[in-house]
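Trainee: I have a chain open and want to read it strand by strand. Can we go through it together?

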Amino acid sequence: MSMQILIFSVICCTISAATIIHVNPNGSADFTSVQAAVDSIPTTNTTPVEIHIAPGTYTEHVHVTGQKSYVSLIGTDPATTKISFNTPADDPDYTVWTSATVYFESYDFSIEGISIENSYGVGIQ
């Protein structure tokens with residue numbers, strides 16, 4: 001009679017739940033601007049952060065630095081949730097890249113359910 005021995009191992013990993021931040025222009029959420037919500041994320045962030053954005057038009061420049069990774073901007077509906085900015089690429093405070101309405105340098109960045117608009121108009125956008 002032979003005896004067989006089964007050896008197996010279970011690899012367990014920890015999945016971090018996302019931190020959720022809410023933005024609403026009417027003041028009923030954590031922040032009234034998308035950039036303020038981004039600014040609240042600690043530098044060298046290592047866990048997912050979801051920024052849930054309520055319907056409305058947010059007239060602002062949003063910059064997600066390279067020290068704030070794993071960020072998701074999540075809107076309710078691109079028809080009703082918009083980020084708009086109007087700085088031209090030849091503005092002395094910006095470059096062609098940094099004048100974008102949403103400018104991100106981070107890893108694992110995503111956007112869904114939001115319209116992004118360059119509202120500068122005619123000229124170098």
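Trainee: Along strand β3, residues 56–59, which side chains are buried?

Mentor: Keep in mind that this is a predicted model. In a regular strand, side chains alternate between the two faces of the sheet. β3 shows that alternation: Thr 57 and Thr 59 point to one face and are not buried. The buried ones point to the other face: Gly 56 and Tyr 58.

Trainee: In what sense do β3 and strand β6 pair, and over how many bridges?

Mentor: β6 covers residues 81–85. Thr 59 of β3 stands opposite Ser 84 in β6. The pairing is parallel, over 4 bridges.

Trainee: Which residue in β9 is the bridge partner of Phe 85?

Mentor: Phe 85 falls within β6, residues 81–85. β6 and β9 pair in the parallel sense over 4 bridges. The partner of Phe 85 in β9 is Asn 118.

Trainee: Which are the edge strands of this open sheet?

Mentor: The sheet has 3 strands in the order β3-β6-β9, with parallel pairing. An edge strand here pairs on one side only. That gives β3 and β9, the latter spanning 115–118.

Trainee: By how many degrees are neighbouring strands of this sheet turned against each other on average?

Mentor: Take the sheet in its order, β3-β6-β9. Ignore direction and average over neighbours. The turn is 20°.

Trainee: How many aromatic pairs does a search of the whole structure find, and which residues form the pair?

Mentor: The search finds 1 pair. Its rings are 4.4 Å apart, centre to centre, with 25° between the planes. Planes under 30 degrees apart count as stacked, so this pair is stacked. The residues are Phe 104 and Phe 109.

Trainee: Is Phe 109 buried or exposed, and why?

Mentor: Buried means under 20% relative accessible area. Phe 104, at 42%, counts as partly exposed. Phe 109 has 15% relative accessibility, so Phe 109 counts as buried.

Trainee: How many helices and strands does the chain have?

Mentor: Read the elements from the N terminus: β-α-β-β-β-β-β-β-β-β. The secondary structure comes to 1 helix and 9 strands.

Trainee: Among contacts between residues at least 6 apart in sequence, what share joins residues at least 24 apart?

Mentor: The chain has 125 residues, and 32% of them are buried. Its accessible surface is about 8,000 Å², with 56% belonging to carbon and sulfur atoms. For those contacts, the share is 66%.

How values were computed
Residues are numbered from 1 along each chain as its sequence is written. This is a predicted model: local features need pLDDT of at least 70, side-chain atom pairs count only at pLDDT 80 or more; totals for chains, interfaces and linings use all residues. Side-chain values use heavy atoms; hydrogens and water are left out. Buried means under 20% relative accessible area, exposed over 50%, partly exposed in between (1.4 Å probe, protein chains only). Helices (H or I, at least four residues) and strands (E, at least two) are DSSP runs, numbered from the N terminus. Two strands pair if DSSP finds at least two bridges between them. Rings of Phe, Tyr and Trp (its six-membered ring) pair if their centres lie within 6.5 Å; planes under 30 degrees apart count as stacked, over 60 as edge-to-face and the rest as tilted. Contact means heavy atoms within 4.5 Å. Accessible areas come from the Shrake-Rupley method with a 1.4 Å probe; for residues, only the protein chains shown count as cover. Axes are lines fitted to C-alpha atoms, for helices over the stretch in contact, and angles run from 0 to 180 degrees between N-to-C directions.
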